[in-house]
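Please open the model in a viewer and keep the selection panel at hand. The stops below proceed from a sheet to a helix and then to the nonpolar cores.

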Amino acid sequence: MKGDKAFSLLYPRGKEVEFRKIEDSAYHDLGLDVITSAVTSDKKEQAIVADILSYLTSDPDVTNYRQEIFEDIKNNPDIRAKITELFDQIEFDKQFGAIKKSKDEVEGLWLLMHRLDQYRDYIKCVDALKECLNDERLKSKGLKDYKAYIDEVYADSHFNELKKDLERLSTETSEIQSVTLGLNLNERLEAVSMGIVSVNKKAFKKSGIVSNFADGIGKDKIKDDNEWNGDMHYRQIEKTSGPGFMSFMSEAMRMSNPLLSSMSRSTTSSIPRDDGLAHVPAQFDATLNKMLDVMVKSLRRTLDKYADMAIYHISDVIPEFVYYVRFAEFITGLENKGFKLTKASAVIGDDNRMRAKGFYNFKLALSISDPKEIVGNDLDFDSEHMIYILTGANRGGKTTSTQGIGLLFALAQGGISVPADSFVFEPADCIFTHFPADEDKTMNLGRLGEECIRFKEIFDRTTDESLILMNETFSTTSFEEGYYIACDAVKALLTKGTRTIYNTHMHKLGIDAEEFSKGLQKKAASLIVKSEGGNRSFKLAVAPPEGSSYASDIARKYGVTFEMLTGSETQ
């Protein structure tokens, strides 16, 4: 994926950005699917969130650009609400309005009038957006650049000219208050054709032209000709098929001829309800188009001139705003509960490629109610700690910590506040996970074969900018075989310089980490989840594996040492 939009809130304008997609399996392993569902229940919005979080770039400018925009949106809920309201209006017009009508499709008067109203609404939205983004509280480069971009759109799309044209058209069209129709009759007083006599600035009342016509019939004063006082131009309209037109003509004939029915002395007629008042514009459209030919052409010509306005460029950022807004609301809710979240900072060219202080697994915040239960940890990636061999007790927090590191990168690069006291890092070009596969995916190759093939595929795609998270990889065979394969895999990753956390029960791998790192510029280190008297502490420490001592603590706790079992332990 390549960033090539006219303007985006996801990467700086004019910057060439290459993105790599996190695999769906990795998205699931990281728990991002669970987080996405927690952020918004709307399926379309979930797709927006997932799409943005799935695409990563190692460019630190992109991460910092997003982080600053998110801070602005999160810290200014009133601006956030106003922008959301404005974009909802623009998106409605774009998706459902006649504003999207093809220029090649001929529009009648009423559709053109509808489009005129929508352009007017759109201009109001853009004006309000300009004012909203002019708020001095907004500090991010992204939102300031977006304000400048809208100013450019104003100039390039001739918005001021559009405003004047819309004002002129509104004035012209608003003057039409009524239309005078003429009916031609045959010898049986049946309507044979209909046409427009005039377009008027005043609405009909029981006076004037219509009153004279009705009173003239009522007094048996039928004129000898069809001359009218004033300029009358009759344009005959071809009959149209359908019950709507015929029903209208029949009703019009009945209301204008006392020989066919006893009519009231009212000189105006409402279209009968059973004919469907909503269809009146369609019935008169062709008639008015011919009578108002000049004005319709002028209206269509003016609106078509703006059909390629930058509405689509402006509305392109609506999904991006949705992403930031939904996360801002979600993060604000967590902060109000007491969870610690902070702005991340992306750097490059530093030997210390990650410094995380007080981090925890973001997914935990979804499952616990008391932030005091959170155990924060510190961890660095640098040349001496490029790969961590993570060991510890079952359910001691190994997988949670491994997943937590991946979420730090994914959220930070998505621009979202991260669960930590501080987080400074070099962004990853992609995050890869090697977690245990489902049983049905290993039927043909066997678990070990599937693991080896999957690791090889991941390794071939990684770079020194990638992040790999491995969970019990190569543990489905005997210890000897798994250890042998794991050693080569770790050495190969060290050669590449890929940041890796390898969560494993093979304590010997952690013990030998220093040994098989010899001669390599990047080093592996043993990382443990510390135990405290057999209890889980969930605290990480760079130290040799304590598997045997931990097992001894557990055995002693539950009375299954040899001495305790045989009663030979000295009291």
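Helices (H or I, at least four residues) and strands (E, at least two) are DSSP runs, numbered from the N terminus, and two strands pair if DSSP finds at least two bridges between them. The model is predicted, so local features need pLDDT of at least 70 and side-chain atom pairs count only at pLDDT 80 or more, whereas totals for chains, interfaces and linings use all residues. Residues are numbered from 1 along each chain as its sequence is written, and side-chain values use heavy atoms, without hydrogens and water.

Select first the open sheet of 4 strands, ordered β8-β12-β9-β10 with mixed pairing. Strands β8 (345-346) and β10 (377-381) are at the edges with a single partner strand each, so one side of each lacks a neighbour in the sheet. Next, display β9 (residues 354-359) and β12 (residues 422-425), which pair in the antiparallel sense over 4 bridges; here arginine 355 stands opposite valine 424 in β12.

Turn then to helix α2 (residues 32-39), whose buried residues (under 20% relative accessible area, 1.4 Å probe, protein chains only) are Leu32, Ile35, Thr36 and Val39. These fall within an arc of 100 degrees seen down the axis of α2 (directions from the axis to the C-beta atoms), so they line one face of the helix.

Finally, select phenylalanine 327. Beyond its neighbours within four places in sequence, phenylalanine 327 is in contact (heavy atoms within 4.5 Å) with Ile35, Val39, Val49, Leu53, Phe70, Leu411 and Ile416.

Technical notes: Buried means under 20% relative accessible area, exposed over 50%, partly exposed in between (1.4 Å probe, protein chains only).
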